[in-house]
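Colleague: Please take a close look at one part of this model for me, beginning with the helix that carries the nonpolar surface patch, and then carry on to whatever else in the backbone deserves careful reading.

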Amino acid sequence: MSRSSLRPVPPPPDTNVPEHLQRATLRLNFPPSYVVVGVYRLFTDKSLSKPAWDKCRHGVQRGAIVGSVWACLTYPVQRRIVHMLLNHPSSIFSVKYIIPLSKTATDLSEETILGIRLPFTMSTYVTVLLIGAQITAMLTFFLSRNIRIARQRAWDQTVASRGKGPEFWQPYVEEWDVPPVVEANFSSHAMNKFGLFFVKVLVKKVFIIPLSLYPFVGTIAVAALKAMDTAQYLHQPYFKTKKMTPHQIAIFTEERKWDYRLFGFTAALLEGFPIIGLVFTISNRIGAAMWAHDLEKRQHYFGSLQSSQGSGTIPSRDSKKAQ
């Protein structure tokens, strides 16, 4: 029987891991917790927050000044245009395509969501979103290279805070007894990637734009769409440090696809907020580094198991010290 015809077989249940991995395993069972940890550490650990702020301070100040002036000057005009687009019967952005308003209602504030009347109109909500996105783009422009450096430093400093040197990151170890089969052929993989990219663009253009006009739903839909890409992007330093091949990365993420989707969804949801989402792009790097640290500890454990099985000895649960 060929390997490709075998069904994937995951490793034994987490209850079989040694005692020193129990706490890490609990965290690994709920990946979104690392996003929360990243936010907490960024706002409480000065060794992480101060270097990031020092690197981004001047760009934030310049972007905030330009963005504030832009918002004050253009808000009335943009709101009038948005109101016209949302209420014109022939417009594809008409609010009637998003929510069935009653005959007497002319805007979202006259309807209720779950029995709660919103304190803003649909026109105001969409305008604030648009201006928030514009200010975010301005901040990104002024931060430019500095925020990329701040993200990389946040990763490096998080890893250093765990007291691990370069030798901690070891070559990839397969944890599954029978790993899932992924596309090894480059052309097939490229075609699948192209097809997935086309679907994503189609979904964004056809579904996300109308949904984004409806309060809260649009942000959640965009985060769900970007979940896997966001998680894989945040773990690129991990893959690079372990010198993993594209095939190994594909297997690794396939084995943990729901973990990556949950982590990526939570991370993308925070990054999707206008303006403050830029802060979360740094905290998410911290959370991703913490997650990578626990994944690597688990990799060490399975590597020791394979070495012991090869030598004919099996280590006891308490024989290894914490990595």
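Modeller: V77 lies in helix α3, which covers residues 46–87, and I should say at once that this is a predicted model. Together with I81, M84 and L85, V77 makes a nonpolar surface patch of about 350 Å².

From there I would turn to helix α7, which runs over residues 217–234 and has 18 residues. From its first C-alpha to its last, α7 reaches 24 Å, which is close to the 26 Å expected at 1.5 Å a residue, and yet α7 bends by about 55° at K226. The buried residues of α7 are G218, A221, A223, A227, M228, T230, A231, Q232 and L234; one of them, A227, directly follows K226 in the numbering.

Two loop residues also deserve a careful reading of the backbone. K243, in the loop between α8 (236–241) and α9 (246–255), has a phi near 55°, a positive value in a residue other than glycine. With a relative accessible area of 71%, K243 counts as exposed, because that value is over 50%. I275, in turn, has its place in the loop between α10 (257–271) and α11 (277–311), and its phi is near 70°, again a positive value in a residue other than glycine. The relative accessible area of I275 is 35%, so this residue is classed as partly exposed, in between the cut-offs of 20% and 50%.

Methods:
Residues numbered from 1 in each chain as written. Predicted model: local features only at pLDDT ≥ 70, side-chain atom pairs only at ≥ 80, totals over all residues. Heavy atoms only, no water. Helix = DSSP H or I, 4+ residues; strand = E, 2+ residues; numbered from the N terminus. Buried < 20%, exposed > 50% of the residue type's maximum accessible area, 1.4 Å probe, protein only. Expected span 1.5 Å × (residues − 1). Bend = angle between axes of the 7 residues up to and from the residue. Patch = residues over 30% accessible without salt bridge, like charges linked within 9 Å, V, L, I, M, F, W, Y side chains within 5 Å. Areas by Shrake-Rupley, 256 points an atom, 1.4 Å probe, with all protein chains shown as cover. Salt bridge = Lys/Arg side-chain N within 4 Å of Asp/Glu carboxyl O.
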